[in-house]
Structure formats: C-alpha cells, structure tokens
Amino acid sequence: MNESEMLDTHRQELRRGSVVLASLLALREPGYGYGLLAVLERAGVPVAANTLYPLLRRLEGQGLLTSEWDTTQSRPRKIYRTSADGIELARALRREWQEMDVALSRLDPEPTKGEKL
C-alpha cells in the first residue's frame with residue numbers, strides 16, 4: 001500500500017464516523033437522499049450513495065430521523081427530517097467532536113491551517 005492509498009484508507013475511516021453527525025445536522029432541513037448527497041458533498045463531507053441510504057434507514061429505525069413520502073412529483077420521494085432525539089444526539093456529538101478537536105490540538109500544537117494533508 002503506497003502513501004496515497006494509506007491516506008485514503010485512514011481518511012475514509014475518519015469520515016465514516018462523521019457522516020452520521022453531518023446527516024443529522026443537514027436534515028434539520030427536510031431533504032431526500034439524493035439531495036442530501038449533494039448537500040454533504042458541498043459541505044465537504046462526501047459520501048457514497050451505497051453508504052448513505054443504509055445509514056438513513058438505520059437512523060430512521062433508531063428514531064433519529066423521521067420520514068414521509070412526497071407524492072407531489074411524478075416520482076415519489078422519501079423526505080427525511082432529523083427528529084427531536086436526532087437533534088439532541090447531534091448536539092451531543094458536536095460537543096464531543098469539539099472536545100476531540102481540543103484534545104488533538106493539545107497533542108499536536110503545530111498550526112495546521114493551510115497544511116495540505
């Protein structure tokens with residue numbers, strides 16, 4: 001495995017955990033799966049469709065998302081929205097994320113702004 005492949009592997013591992021938080025935050029505004037892919041991409045949290053759709057079903061099953069069908073279009077779409085429990089979890093995860101960032105900064109106090117990884 002070369003250096004680029006190793007970085008990609010570890011980057012993917014790092015992002016995997018952030019997709020739940022990003023989805024919960026993004027779906028405070030109702031949206032459908034394909035639209036969420038674009039929102040996450042624009043926000044800098046790219047995710048593959050084959051990862052996102054099972055995640056949406058799992059989060060819905062856990063009560064963190066609600067859904068309803070929009071049948072006003074020619075093709076019905078399932079619209080997701082973060083539930084009250086999902087919003088509460090997103091807030092807790094953001095606090096955790098910020099604490100982790102502070103902890104990592106203590107371990108690596110060198111400024112990384114503008115550093116290309």
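A residue is called buried here when its relative accessible area is under 20% and exposed when that area is over 50%. In this predicted model, a good place to begin is helix α2, spanning residues 33-43. Its buried residues are Gly 33, Leu 36, Leu 37 and Leu 40. These residues lie on the same side of α2, because they cover an arc of only 110 degrees around the axis. On the face turned away from that buried side, α2 carries the exposed residues Tyr 34 and Arg 42. The cover over the buried residues of α2 includes α1, β1 (31-32), α3 and β3 (77-82). After the helix comes Gly 44, with a positive phi near 90 degrees.

The pairing of α2 with α1 can be followed in some detail. The two helix axes come within 11 Å and cross at roughly 110 degrees; α1 and α2 are therefore roughly perpendicular to each other. Their crossing is right-handed. At this meeting, α1 contributes Ala 22, Ser 23 and Ala 26, while α2 contributes Leu 36, Val 39 and Leu 40.

Leu 40 also belongs to the largest nonpolar core, which has 19 residues. Together with Leu 24, Leu 52, Leu 56, Leu 59 and Leu 65, Leu 40 touches the most other members of this core. At least two core residues come from each of α1 (3-26), α2 and α3 (49-61), and α1 gives the most, with five. For Leu 24, contacts beyond its neighbours within four places in sequence are made with Leu 59, Leu 64, Leu 65, Thr 82, Gly 86, Leu 89 and Ala 90.

Note on methods. Residues numbered from 1 in each chain as written. Predicted model: local features only at pLDDT ≥ 70, side-chain atom pairs only at ≥ 80, totals over all residues. Heavy atoms only, no water. Core = buried A, V, L, I, M, F, W, Y, C linked by side-chain atoms within 4.5 Å. Buried < 20%, exposed > 50% of the residue type's maximum accessible area, 1.4 Å probe, protein only. Helix = DSSP H or I, 4+ residues; strand = E, 2+ residues; numbered from the N terminus. Contact = heavy atoms within 4.5 Å. Arc of directions from axis to C-beta. Axes fitted to C-alpha atoms, helices over the stretch in contact; angles between N-to-C directions. Parallel < 35°, antiparallel > 145°, perpendicular 65-115°, else oblique. Left-handed = near helix turned anticlockwise from the far one by under 90°.
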